[in-house]
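I opened this structure to look up how its parts touch one another. My notes follow in the order in which I looked.

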Protein chains: 2
Amino acid sequence: MEQAQRRRGAELEAVLLDAAWDELMETGYTRLTMEAVAARAHTGKQVLYRRWRNRAELVVAAMRHRTGSIVGNVPDTGSLRADVLAVLQRMADRFETLGPEVVHGLLAEAPDLDPEVYTRMAGVMATIVKRAAERGEIPTADVPDRVLTAATNLLRHEMLFAGEPVAPSTLTSLVDDVFLPLVSGTRERSE
Amino acid sequence: MEQAQRRRGAELEAVLLDAAWDELMETGYTRLTMEAVAARAHTGKQVLYRRWRNRAELVVAAMRHRTGSIVGNVPDTGSLRADVLAVLQRMADRFETLGPEVVHGLLAEAPDLDPEVYTRMAGVMATIVKRAAERGEIPTADVPDRVLTAATNLLRHEMLFAGEPVAPSTLTSLVDDVFLPLVSGTRERSE
DNA sequence: ATCCGTAAGAGACGCATCGTCTCTAAGGAG
DNA sequence: CTCCTTAGAGACGATGCGTCTCTTACGGAT
C-alpha cells in the first residue's frame, strides 16, 4: 500500500505547513501554487482551503510554524548598543532566509498581517531603552515612539528596497549614526 | 464609421498610457489586466505587448507619463525645517494619489525600478542640507548618507506599512523628532 | 464491537488572465 | 501606385484559482 494511513489533525497540519515552507524556499512566493503544495503533501487542494483561505494565509502560517514567534526574548547584554545590534541582526537574519521576493509578495497580498509584528517591535525597543536608562547609559527612557522604532524601521526599509543582502556595516551605521545619537543626545522635548 | 482612422506613433502611445492610468485609478494594480487596458484604448493586446513586456512596465510608463519626473526642483524656502517638510509632503501627496495597493504591487512585480528614485532622493536632501549649513542653520553639511535619507526613508516605510493615509503630524514628527536632532546636534564623527 | 458523521484524498470543473499567434486592412514611405 | 509596417481584433493553449463532487478511512459515540 502506497499510503499507509490517512493523516489527521495536528499531524496533517504539520505536513501541510512543512510542504508549504519547502515550496516557498524552492520556488519563491509568486510562483508558489496551492496545487504544488497539495501535491507535495500528497493530498488535495480542499484540505488546504479548509484551513486557510488563500495563499497568503497559508504562507504566513507556514512561516510561523517554521520559525516561531518573531519577538521572543528581548536581548539583554548589559549594553544598549549591543542590545540594539542584536535586535537588528535578528531581523536581518530572518529576512535573509526569506529573501526579498517573499517579503514583497506578502506585503502585496497580505498587507494587514505584517503591521502586527511591526508594532510589537516598538515594545522590544522600549524595554531595551528602559534598561539602558536604568543603568544610566542614557539620560532618559522618555523617548518618542518615532525614535524608538527608527532603527528597526530604517532597517526594514533597507531590506525592502536594497536589492542586496544587508551589509554588517549597515547595522552598525544604523545604531551609531542614527539610533544612539537620538536617544543619548540631551534632548528637551519641546511641547 | 466608428473608428475614423488608425492612431499611430506618439499619439497612439499617449492613448495607451492614459488608458493604463485610468484603469490603474479605477481598479488598482493587482486587478488591472492587459485586456482591460487594451479594450479601454479600443485596440488589441498585441499593441501593448509590442511596447511593454508586461504589466509592471506598462504601469510604470503610465505613471511617468502622467506625473513626470519625481525629483524635480528642490524646495528652497530659506528654512531647513520647511524645506524638509516640503519634500516629505510631496512624497506623501504622490503616495496619496497612488494608494498603498499600487505601491505594494509594483514593489512586488518591479522591484528594480523604485531604487532609482530612492537613491536620487539622497541628492535632494544633500542639497537642502548644504544650503542650511551655508545659512548657518546647522553646524555642518558633513552628514552621513544614513542621516540624510533617514526622514524620507522612514516616511516611505510608514507609507508602506501603515494602512492609513499619512497624518500631517507624522511629517512634523519625522522632522522634529528625528531629522533635525540628527543634523543639528553637535556631533563629532567618530572615525 | 458496530455505526455513523466528519473530513481526507483525489480530481473535475468553470472562470479569469496571461502571453502568443494569426489575420485583415490602413496609411505612410518610396 | 505599390509595398511594408503595424493597428485593430480576436482566437488560442496554458496556467492557476477557488469550488464542487465523490469515495472511503477513521475515530468517537453507543
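Before looking at any atoms I wrote down what a polar contact is: a pair of N or O atoms within 3.5 Å, where within protein one must be able to donate a hydrogen and the other to accept it, and residues adjacent in sequence count only if both atoms are side-chain atoms.

I also noted that this is a predicted model, in which local features need pLDDT of at least 70 and side-chain atom pairs count only at pLDDT 80 or more, while totals for chains, interfaces and linings use all residues. Residues are numbered from 1 along each chain as its sequence is written, chains are lettered from A and ligands numbered from 1 in the order in which they are written, and side-chain values use heavy atoms, with hydrogens and water left out.

**Entry 1: DNA strand D**

I looked first for polar contacts, and found a polar side-chain atom of B:Arg6 at 3.1 Å from a base nitrogen of DNA strand D. Phosphate oxygens of the strand are met as well: one is 2.7 Å from an N or O atom in the side chain of A:Tyr49, and one lies 2.8 Å from a backbone N or O atom of B:His42.

Which residues are the closest to DNA strand D? I found A:Lys45, A:Gln46, A:Tyr49, B:His42 and B:Arg50, out of 21 residues that surround the strand (near means a heavy atom within 4 Å). I sorted the residues of this surface into 5 nonpolar, 7 polar and 9 charged, where Ala, Val, Leu, Ile, Met, Phe, Trp, Tyr, Cys and Pro count as nonpolar, Asp, Glu, Lys and Arg as charged, and the others, Gly among them, as polar. Of the strand's atoms within 4 Å of the protein, 56% belong to sugar or phosphate, and the rest to bases.

**Entry 2: chain A against chain B**

I then turned to the two chains, where the contact (heavy atoms within 4.5 Å) takes 27 residues from chain A and 28 residues from chain B. The two chains bury about 2600 Å² between them, 68% of it on carbon and sulfur atoms; buried area is the accessible area (1.4 Å probe) that two parts lose on being put together, summed over both. A:Arg146, A:His157 and A:Phe161 supply 29% of the area that chain A buries against chain B, more than any other three residues.

A:Arg146 also forms a salt bridge with B:Glu158, the closest N and O atoms being 3.3 Å apart, and I noted 2 salt bridges across this interface (a side-chain nitrogen of Lys or Arg within 4 Å of a carboxyl oxygen of Asp or Glu).
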